[in-house]
Amino acid sequence: MELKEALGKIYNEAKEKFDIQNTPKLHLKEDEENAQGIFGKTAYYNPTDMSIVLYITNRHDKDICRSFAHELVHHHQNERGDLELGDASQATYAQDDPHMRKMEMEAYLKGNLLFRDWEDWFKNYKQTNQNGKTIIKRKIPRISRN
Ligand SMILES: [Zn+2]
């Protein structure tokens, strides 16, 4: 599956799971210099214009997808009004601002699980018939909305 197709499918999954109301803008960014260092950026979410930037140079598609799932949780938090409650103006907000730390914890947990559940479902439950037509064998298990 191509990256863009996967990103679309993951978005649809997040939209349903988190009841996302506004489609965020998505930018796939090529940046050779950024890709050189261990501390290069991977992705970020801008709550002001509801945009997600994914750095794609020299990354595995799966890693990019996981970043996307993480940033979609931040988008969900923004729609919930939760990102206004913390202070992300400092570089160490994920360590020093207790509310923002909780936001990061939620994004890592729910973002990774969203991706994992989607991947497992796609590999194990989605099937095609002899003509290549998709047969949905089972819906993605939604044990909880968490
Ligand atoms: Zn984050």
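Trainee: Why is Asn58 called exposed?

Mentor: Asn58 has 12 C-beta neighbours inside 10 Å. A residue is exposed if 12 or fewer other C-beta atoms, placed from the backbone, lie within 10 Å of its own, buried if 20 or more do, and partly exposed in between. Asn58 therefore counts as exposed. Please note that this is a predicted model, in which local features need pLDDT of at least 70 and side-chain atom pairs count only at pLDDT 80 or more, whereas totals for chains, interfaces and linings use all residues. Residues are numbered from 1 along each chain as its sequence is written.

Trainee: Where does Asn58 lie, and what is notable about its phi?

Mentor: Asn58 is in the loop between strand E3 (51–55) and H3; helices (H or I, at least four residues) and strands (E, at least two) are DSSP runs numbered from the N terminus. Its phi is near 60°, a positive value in a residue other than glycine. Most residues other than glycine have a negative phi. The C-alpha atom of Asn58 is 8.9 Å from that of Gln36, 22 residues apart along the chain.

Trainee: What makes Met50 partly exposed?

Mentor: Met50 has 14 other C-beta atoms within 10 Å, a value between the two cut-offs, so Met50 is partly exposed. Met50 is located in the loop between E2 and E3, and its phi, near 50°, is also positive in a residue other than glycine.

Trainee: How do you know that Pro24 is buried?

Mentor: Around Pro24 there are 23 other C-beta atoms within 10 Å, so Pro24 is buried. Pro24 belongs to the loop between H1 and strand E1 (25–29). Beyond its neighbours within four places in sequence, Pro24 is in contact (C-beta atoms, placed from the backbone, within 7 Å) with Met50, Ser51, Ile52 and His75. The C-alpha atoms of Pro24 and Ile52 are separated by 6.7 Å, although the two residues are 28 residues apart along the chain.

Trainee: Why are H1 and H3 called roughly parallel?

Mentor: The axes of H1 (residues 3–18) and H3 (residues 61–80) come within 10 Å and cross at roughly 30°. Axes are lines fitted to C-alpha atoms, for helices over the stretch in contact, and angles run from 0 to 180 degrees between N-to-C directions. Angles under 35 degrees count as roughly parallel, over 145 as roughly antiparallel, 65 to 115 as roughly perpendicular and the rest as oblique. H1 and H3 are therefore roughly parallel to each other. By class, their contact has 12 nonpolar, one polar and one charged residues.

Trainee: What makes H3 oblique to H5?

Mentor: The axes of H3 and H5 come within 8 Å and cross at roughly 130°. That angle falls in none of the three named ranges, so H3 is oblique to H5. Residues of H3 that meet H5 include Cys65, Ala69 and Leu72, and those of H5 include Met103, Leu114 and Phe115.

Trainee: Which residues have the most contacts inside the largest nonpolar core?

Mentor: They are Ile10, Cys65, Phe68, Ala69 and Phe115, in a core of 19 residues. A nonpolar core is a set of buried Ala, Val, Leu, Ile, Met, Phe, Trp, Tyr and Cys residues joined through C-beta atoms within 7 Å. H1, strand E2 (43–46), E3, H3 and helix H5 (98–124) give two or more residues each, and H5 gives the largest share, six residues. Phe68 touches Leu7, Ile10, Ile52 and Leu54, not counting residues up to four places away in sequence.

Conventions. Ala, Val, Leu, Ile, Met, Phe, Trp, Tyr, Cys and Pro count as nonpolar, Asp, Glu, Lys and Arg as charged, and the others, Gly among them, as polar. Two residues are in contact if their C-beta atoms, placed from the backbone, lie within 7 Å.
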